[in-house]
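Subject: Structure handover

Hi,

Here is the structure I promised to pass on to you. Have a look at it first, and then read on for what turned up.

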Amino acid sequence: MDAGSCSLGETLLLARDELLAGMASLPQAHRIFLASHYPDAHVRREALRSIGVVFADDSSFVNEGFHLTPNKPSDVHVRIGRNVSIAPNVTCICDSCANNGVEINGYRYVAERLTRRADIIISDEAWVGTGAVLLSGVTVGRCAVVGAGCVLTRDADDYGIYAGVPGKKVGDVRQWGEVADGR
């Protein structure tokens, strides 16, 4: 079957190896769907790569429900480091504007503070919780934890723990020291 000309239903019936081998030839809409909803993490990672997510290597895990804007290859990216854990239903907004707005886009506050287009960086060993939202230009530091439902509008410090809307630093993962066996 020619992966480039199949329906979404036919795409979903392809074997895992066929999906991985033919990812680049799939229609963009299929790759976007696979990136967020396919149950196999390897297929999701390759679909994410095909729509512009940059992985340092294959050691990171991105759960189902991951969404990003823009959801196609562009000049802004989500960059994911090594050993990163991303829980379900995380949203990354690399490009933000009042899409259909005419008058609203002419106001300085909107133009200078709300309209943004920049990479999102998730550094090595970070953990992003369920339902978190990462806004344009933020960097999640090394070993940082972004709590469930947190809306991160500014950078998260290395080892910082962030929660709330907007995200605020509530702790440091080192505050109790390391566990003797590393777990």
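First, a term you'll need: a salt bridge is a side-chain nitrogen of Lys or Arg within 4 Å of a carboxyl oxygen of Asp or Glu. Keep in mind that this is a predicted model. As for the general idea, side chains of opposite charge can pair when their charged atoms come close.

With that in hand, try R108 and E112. Their side chains form a salt bridge, with 3.6 Å from N to O. Both residues belong to helix α5 (residues 108–114), where they sit 4 residues apart, or about one turn of the helix. Are these two buried or exposed? R108 is exposed, at 63% relative accessible area, and E112 is exposed as well, at 57%.

How many salt bridges are there in total? The count comes to 11.

Another one to find joins R49 and E46, at 2.6 Å from N to O. This pair is in helix α4 (residues 41–50), and because R49 and E46 are 3 residues apart there, about one helical turn separates them. R49 is partly exposed, with a relative accessibility of 28%, and E46 is partly exposed too, at 27%. The two also belong to something bigger than a pair: R45, E46, R49 and D58 are linked in a network of salt bridges.

Then there is D157 with K169, whose side chains meet in a salt bridge at 3.4 Å, N to O. This pair links distant parts of the chain, 12 residues apart: D157 is in the loop between β14 (151–152) and β15 (160–163), while K169 is in strand β16 (residues 168–172). D157 counts as partly exposed, with 39% relative accessible area, and K169 is partly exposed at 42%.

Now for the empty space inside. The count comes to 1 cavity of 30 Å³ or more, and the largest cavity has a volume of about 40 Å³. Which residues line it? The lining is I51, G52, V53, L68, T69, P70, K72, S74, V76, H77, V78 and C94. Sorted by class, that makes 7 nonpolar, 4 polar and 1 charged residues.

If you open the model, you could start with R108 and E112 in helix α5, then look for the network of R45, E46, R49 and D58.

Cheers

Key
Residues numbered from 1 in each chain as written. Predicted model: local features only at pLDDT ≥ 70, side-chain atom pairs only at ≥ 80, totals over all residues. Heavy atoms only, no water. 1 Å grid on protein atoms, 1.4 Å probe; cavity = no way out; pocket = protein on both sides within 12 Å on 5 of 7 lines; lining within 4 Å. Points joined across faces, edges and corners; volume = space filled by probe spheres on them. Nonpolar A, V, L, I, M, F, W, Y, C, P; charged D, E, K, R; others polar. Helix = DSSP H or I, 4+ residues; strand = E, 2+ residues; numbered from the N terminus. Buried < 20%, exposed > 50% of the residue type's maximum accessible area, 1.4 Å probe, protein only.
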